[in-house]
Amino acid sequence: MPTPPSEPTPVRSLTELNAEIRALVDGGLMSPESRREYERLLVEWGASVQGGVEAA
C-alpha cells in the first residue's frame, strides 16, 4: 500500500535558521532536547544551502 505524500515543510530563510542555531549555541552546554533541536536545525540549514533557498 503506497504511503500518502507528506505535507511540504515550509522553507525558512538561512538567516532565520542561523539565528535559531546561534540562540541554542549561545546558552553553552545543551540539554539532550536542545542538542536534538540543534542537529535538526543543522540538517534543515544544510538542505537550504544545497537547495539554494537564499543567496549568500
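**Exercise 1. Which residues are exposed on the other side of H1?**

Solution. First, the ground rules. This is a predicted model, where local features need pLDDT of at least 70, side-chain atom pairs count only at pLDDT 80 or more, and totals for chains, interfaces and linings use all residues. Residues are numbered from 1 along each chain as its sequence is written, and side-chain values use heavy atoms, with hydrogens and water left out.

Step 1. Fix the terms. Buried means under 20% relative accessible area, exposed over 50%, and partly exposed in between (1.4 Å probe, protein chains only). Helices are DSSP runs (H or I, at least four residues), numbered from the N terminus.

Step 2. Find the buried set. In H1, Leu14, Leu17, Ile21 and Leu24 are buried. Seen down the axis, the buried residues of H1 fall within an arc of 95°, so they line one face of the helix. The arc is that of the directions from the helix axis to the C-beta atoms.

Step 3. Turn to the other side of H1. Thr15, Arg22, Ala23 and Asp26 are exposed there.

Step 4. Look for the cover. H2 is included in what covers the buried residues of H1.

**Exercise 2. Check the span of helix H1 (residues 14-26).**

Solution. Step 1. The expected span is 1.5 Å times one less than the number of residues. For the 13 residues of H1, that should give 18 Å.

Step 2. Compare. The end C-alpha atoms of H1 are 18 Å apart, which agrees.

Step 3. Read on past the helix. Gly28 follows H1, and its phi is positive, near 85°.

**Exercise 3. Trace the salt bridges, starting from Arg12.**

Solution. Step 1. Apply the cut-off: a side-chain nitrogen of Lys or Arg within 4 Å of a carboxyl oxygen of Asp or Glu. The whole structure yields 6 salt bridges.

Step 2. Arg12 pairs with Glu20, with the closest N and O atoms 2.3 Å apart. Arg12 is buried, at 19% relative accessible area. Glu20 is partly exposed, at 26%.

Step 3. Go to helix H2 (residues 32-51), where Arg36 and Glu33 lie 3 residues apart, about one turn. Their closest N and O atoms are 3.8 Å apart, in a salt bridge.

Step 4. Glu44 and Arg40 also lie in H2, 4 residues apart. Their side chains meet in a salt bridge at 3.0 Å, N to O. Glu44 is buried at 16%, while Arg40 is partly exposed at 39%.

Step 5. Join the pairs. Shared partners link Arg12, Glu20, Glu37, Arg40 and Glu44 into one network of salt bridges.

Definitions and conventions
Helix = DSSP H or I, 4+ residues; strand = E, 2+ residues; numbered from the N terminus. Contact = heavy atoms within 4.5 Å.
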